[in-house]
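Subject: A structure for you to explore

Hi there,

Here is the structure I promised to pass on to you. Have a look through it first, and then read on for what turned up.

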Amino acid sequence: MTRVSPEFGDEVQAVWTLSADVSFQSNQFPKYKLGPDNEILEEIKEDNKGPPLKEVVIRETNQLTEQHKRLSVRDLASKFDKNLAAAAKLSEEAKLKEVASLDGHVLLKKLRDALEFLKGRLGGRNKEDVEKAISMVEALAVKLTQKEGELIQEKFEVKKLVNFLKQASEDAKKLVNQEKSFACAEIESARAVVQRIGEALDEQERNQNPGMQQELEELIEEVQEARRIRLMHQPRKVVDMESELRELRLQIREKCTISLNLQNELARSMKAEENMYRLYELSGSETLGSILRIQPCSDKAVELAKCSIQWYRLSSQCSRREAILGANKCVYAPEPIDIGRVLQADITSNGLKVTLTTDGPIEQASDLGIYLETLLRKPNNDFSVVISQMNGRNYSSHSVHLFHIGKTKIKLSRGWITKARESYSRSMQLCGFRGGGNSAAKSLFWQARKGQSFVLVFESERERNGALTLARKYASDCNFMLAGPDDDALL
């Protein structure tokens, strides 16, 4: 039976009725807003339709990871912006939940205070029911605290995701702008190239020779005429034209042969006429690798041993000539520096000077270009040589040495014994040997440094000329001019 205190009357009976009939449909305490006098104004309804925040974050992260490799830069930037907006929305929802959680704590505290107040005034079974209600309120407070911890963790993860998406969005935008600038630069470069090519073609068309255009038009007309004849089914006329062209070619070839023979006969007759009055003549081919030799062609000529001889190089315009230092013998072997230049020799005896000139400029040997290409493919080149002179004196030993030409230095050695090894420098000199002799075309002069020089004899003229050209190229790569005495101006 219910016991009623005379002090409280019906108020305690109402509290007892609520305590006996209370039923909790969920493990969470319902969320209310209280007005004045603890009146319930409205109930905050939870929206249980949406998924939890943690699941949304995990799902979006997985989708980003799967699509990272196949998304373009622009799509990736758009995706980052969308995810950033979603993360901001989730952050706002988390703030709302945090506010609702604070309201729940306030309600729980008020309810517990009310129950404690009732507990002090009730007794018996009613007091036990109030204690059960207090324990339930405390359990709800614990659960609410746990939910708050989860909410704080979710809030931290959302904030971390927002920062990550912001950074990723900025990086994607920077990458898009960078790629766009690169593409614009390439387009501008391509436009500039196309414009330059068009201007060059226009300039070429403007500078084209009118005579060549006229010849081209005449040739086109002839071709069109030949096509017209073939279309008119007149093969006989075409055959006649072809035979006439063959006869014309044969006549032109015969006349060229006759003209060439006449020119040779005229040159021989003029040379014979000149030789009647000349005392000396030059013999030998005017090609690199040969030897030019001064020979007397008259009984009145003074012996060459009693004459003073000096060889000269003429410039390409033949306007001035330069003395070849050391070339004072009756024999001279042209070197690569003489290619394209005319050579002269002055013979002086008893106050009389005779000048001999080559018929044309010195020409390059036909096989030298291919040989140089072969040498340039190798990083280093070794040549077998014999020392003829060392420091201006004849060298008695005729043993074979190795003449090594590298990209930075030249070395002369025999086995493990090194005669000389020097890097390219201003004091180094290298040129063809100018002292005469039958082996002049195979010999070169090398001054490694001041006070140390060699005259080296190669196995062939091609090796000697190839070594000279190769060494001068490597020295030029090192910013040095490699030549003979007083030859720097020619390089």
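Before anything else, one term: two residues are in contact, or touch, when they have heavy atoms within 4.5 Å. Please also keep in mind that this is a predicted model.

**Lys407**

With that term in hand, start at Lys407, in the loop between β12 (400-405) and β13 (409-414). Which residues does Lys407 touch, not counting residues up to four places away in sequence? The list is Pro379, Asn380, Tyr424, Tyr474 and Cys478. Try finding Asp477 as well: Lys407 and Asp477 are 70 residues apart in sequence, yet their C-alpha atoms are 8.2 Å apart in space. Is Lys407 buried, exposed or partly exposed? Its relative accessible area is 49%, so Lys407 is partly exposed, as the label "exposed" is kept for values over 50%.

**The whole chain**

Now zoom out for a moment. The chain has 491 residues, and buried residues make up 29% of them. You will find 8 helices and 17 strands in the chain. If you take the contacts with a separation of 6 or more, 55% of them join residues 24 or more positions apart.

**Helix α8 and its partner**

Tyr474, which came up as a contact of Lys407, is one of the buried residues of helix α8. This helix runs over residues 461-477, which is 17 residues. From its first C-alpha to its last, α8 reaches 25 Å, close to the 24 Å expected at 1.5 Å a residue. Other buried residues in α8 include Glu463, Arg464, Asn465, Gly466, Leu470 and Ala471.

When you look at a helix like this, here is a handy rule. An α-helix has 3.6 residues a turn, so residues three or four places apart point the same way.

Next to look at is how α8 sits against helix α7 (residues 368-376). Two packed helices are described by the angle between their axes and the distance between the axes. How do the axes of α7 and α8 cross? They come within 10 Å of each other and cross at roughly 55 degrees. That angle makes α7 oblique to α8. The crossing of the two helices is right-handed.

On the α7 side, the residues that meet α8 are Leu368, Tyr371, Leu372, Leu375 and Leu376. On the α8 side, those meeting α7 are Arg462, Glu463, Asn465, Gly466, Thr469, Leu470, Lys473 and Tyr474. How do the residues of this contact divide into nonpolar, polar and charged? There are 7 nonpolar, 3 polar and 3 charged ones.

**Two residues with a positive phi**

Just follow the chain out of α8 and you reach Asn479, in the segment after that helix. Phi of Asn479 is near 65 degrees, a positive value in a residue other than glycine. At 66% relative accessibility, Asn479 counts as exposed.

Asn350 is another residue to check: it has a positive phi of about 55 degrees although it is not a glycine. Look for Asn350 in the loop between β8 (342-349) and β9 (352-357). Asn350 is exposed, with a relative accessible area of 76%.

**Ser453 and Gln447**

For a buried pair, go to the strands. Gln447 lies in strand β16 and Ser453 in strand β17 (residues 452-458). Ser453 counts as buried because its relative accessibility is 14%, and Gln447 counts as buried at 16%. The two are in contact with each other.

Leaving aside neighbours within four places in sequence, Ser453 is also in contact with Gln389, Met390, Asn391, Gly392, Phe445 and Trp446. Gln447, counted in the same way, touches Ser427, Met428, Gln429 and Gln452 as well. The C-alpha atoms of Gln447 and Ser427 are 7.9 Å apart, with their positions 20 residues apart along the chain.

**Gly437**

One last stop is Gly437, in the loop between β15 (429-432) and β16 (443-449). Gly437 counts as partly exposed, at 37% relative accessibility. Apart from neighbours within four places in sequence, Gly437 is in contact with Ile291 and Val331. Its C-alpha is 9.4 Å from that of Ala333, a residue 104 positions away along the chain.

Happy exploring, and write back with any questions!

Best wishes

Notes
Residues are numbered from 1 along each chain as its sequence is written. This is a predicted model: local features need pLDDT of at least 70, side-chain atom pairs count only at pLDDT 80 or more; totals for chains, interfaces and linings use all residues. Side-chain values use heavy atoms; hydrogens and water are left out. Helices (H or I, at least four residues) and strands (E, at least two) are DSSP runs, numbered from the N terminus. The expected span of a helix is 1.5 Å times one less than its number of residues. Buried means under 20% relative accessible area, exposed over 50%, partly exposed in between (1.4 Å probe, protein chains only). Axes are lines fitted to C-alpha atoms, for helices over the stretch in contact, and angles run from 0 to 180 degrees between N-to-C directions. Angles under 35 degrees count as roughly parallel, over 145 as roughly antiparallel, 65 to 115 as roughly perpendicular and the rest as oblique. A crossing is left-handed if the near helix is turned anticlockwise from the far one by less than a right angle, and right-handed if clockwise. Ala, Val, Leu, Ile, Met, Phe, Trp, Tyr, Cys and Pro count as nonpolar, Asp, Glu, Lys and Arg as charged, and the others, Gly among them, as polar.
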